[in-house]
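Please open the structure in your viewer and keep the selection tool ready. The stops below each name something to select and then describe what is there.

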Amino acid sequence: MAFKDVLLTLASYPEPTPVSVIDDAVSVAAALGAHLAAISCEVHAEVRASLLGDVILDIPALIAREAAKSRENAKALLAAFEASADKSGVRHETIFEQCATASEAALLVDYARLRDLTIMAVPDSHDLGYAEEVIFESGRPTLILPTGPRSRPLRLDDICVAWDFSRTAARAVSDALPLLESARSVRVVTVTNEKPLDSRHSGRELAKNLARHGIEVVLDEIDAESKPIDEVLTSYVLSHSIDVLVMGAYGTPRWREFVLGGATRGLLSKPPIPILFSH
């Protein structure tokens, strides 16, 4: 199935999503020939008076000011999105919502379940909770975009699949097929000496499957050498000029780890390149 209906989430609070993320998402939608909907929420913070100690504040006024800040950011982001999408000729729509801060993640999940792909970024001022909710609860793939400066524009030409023969890695490959089929090059990388792997079902078998889709792959194995998986993969994708990393995610609401060993929260919080996560 092609990605034809894509959702972009734009955080409005405490700091807005960088505008560069909007331009990147529009570029992705243009490359995919997809409709792109952008959603941004005016969030209402829930402030507990007991947390303020003996400091006397006008709590309702404080909440109102923060909500107004969130509303202004959301409106500005959606206006910037409209301008970028119009300029690129991408079919699009905007969605403005209002919700409590604590319910924003669930709201985004509701919208993500009705789209082929969700694009989002995790600004430094945000925790990873709402991104994890979308990745784990939407049932759809999520493309996490970097927020920092990059040396070249976003492309979908060279893609890397992180492979360990797990269920979630297999699901990630299936979800990423539209990208893999249109890519210029595809690499399948397996990290060894990090956890037990099923050697009978190695990357070579995956390569046979992808070849039947017309996808020729380059197979690589990397020795973890006791390094954290996020460092191993970051070094690999940067040294090979990879445009998008594809990987699976597994876990439960109480204990969430990513498929290559549990050390990859660093990839989600500070992705070196766009990463397609699938659960």
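The tour begins with confidence and then moves through a helix, charged pairs, rings, cysteines and backbone details.

**Confidence**

Colour the chain by pLDDT before anything else, since this is a predicted model. The average over the chain is 88, and 87% of the residues score at least 70. Select strand β1 (residues 5-10) to see where confidence is highest, at a mean of 98, and then strand β10 (residues 256-258), where confidence is lowest, at 56.

**Helix α3 and its surroundings**

Next select helix α3, residues 104-112, which is mostly covered, with seven of its nine residues buried. Show the side chains of E104, A105, L107, L108, V109, Y111 and A112, which are the buried residues of this helix. What do the buried residues of α3 pack against? They are in contact with the strands β1, β2 (35-44), β3 (92-100) and β4 (117-121), and also with helix α4 (129-137).

**Salt bridges**

Over the whole structure, a search finds nine salt bridges. Select R115 and D5, whose side chains meet in one of these, with an N to O distance of 3.4 Å. Because R115 lies in the loop between α3 and β4 while D5 belongs to strand β1, this pair ties together parts that are 110 residues apart in sequence. R115 counts as buried, at 9% relative accessibility, whereas D5 is partly exposed, with a relative accessible area of 25%. Add E93 to the selection, as salt bridges that share partners join D5, E93 and R115 into one network.

Move on to R71 and E42, which form a salt bridge whose closest N and O atoms are 3.2 Å apart. Here too distant parts of the chain are linked, with R71 in helix α2 (residues 59-88) and E42 in strand β2, 29 residues apart. Which side of this pair is buried, and which is partly exposed? E42 is buried, with a relative accessible area of 2%, while R71 is partly exposed, at 34%.

For another salt bridge, select D157 and R155, where the closest N and O atoms are 3.6 Å apart. D157 counts as partly exposed, at 27% relative accessibility, and R155 is likewise partly exposed, with a relative accessible area of 32%.

**Aromatic rings**

Now display the rings of W163 and F165. The count of aromatic pairs in this model comes to one. The ring centres of W163 and F165 are 6.1 Å apart and the planes stand at 70°, so the pair is edge-to-face; the reasoning rests on the cut-off that planes over 60 degrees apart count as edge-to-face. W163 is buried, with a relative accessible area of 7%, whereas F165 counts as partly exposed, at 35% relative accessibility.

Then select K75 together with F96: K75 lies over the face of the F96 ring, at 4.0 Å from the ring centre.

**Cysteines**

How many disulfides are there? The count comes to zero. Select C99 and C41 to inspect one case: C99 is in no disulfide, and the nearest cysteine sulfur, which belongs to C41, is 4.4 Å away, whereas a disulfide would require the two sulfur atoms to be within 2.5 Å. C99 counts as buried, at 11% relative accessibility, and C160, another residue to select, is buried with a relative accessible area of 0%.

**Backbone details**

For the last stops, switch to a backbone view. Most residues other than glycine have a negative phi, and most peptide bonds are trans. Select Y13 and P14, where the peptide bond from Y13 to P14 is cis, with omega near 0°; P14 is found in the loop between β1 and α1 (19-32).

Return to F165, which has a positive phi of about 65° although it is not a glycine, and which has its place in the loop between β6 and α5 (167-182). S241, also not a glycine, has a positive phi of about 55°. S241 is found in the loop between α7 (229-239) and β9 (244-251) and counts as partly exposed, at 40% relative accessibility.

Finish at G148, in the loop between β5 (142-145) and β6 (158-162), a residue that is partly exposed, with a relative accessible area of 36%. Add P18 and draw a distance between the two C-alpha atoms: G148 and P18 are 130 residues apart in sequence and 8.9 Å apart in space.

Conventions. Residues are numbered from 1 along each chain as its sequence is written. This is a predicted model: local features need pLDDT of at least 70, side-chain atom pairs count only at pLDDT 80 or more; totals for chains, interfaces and linings use all residues. Side-chain values use heavy atoms; hydrogens and water are left out. Rings of Phe, Tyr and Trp (its six-membered ring) pair if their centres lie within 6.5 Å; planes under 30 degrees apart count as stacked, over 60 as edge-to-face and the rest as tilted. Buried means under 20% relative accessible area, exposed over 50%, partly exposed in between (1.4 Å probe, protein chains only). A charge sits over a ring if NZ of Lys or CZ of Arg is within 6 Å of the ring centre and within 35 degrees of the ring normal. pLDDT is the predictor's confidence in each residue, from 0 to 100. Helices (H or I, at least four residues) and strands (E, at least two) are DSSP runs, numbered from the N terminus. Contact means heavy atoms within 4.5 Å. A salt bridge is a side-chain nitrogen of Lys or Arg within 4 Å of a carboxyl oxygen of Asp or Glu.
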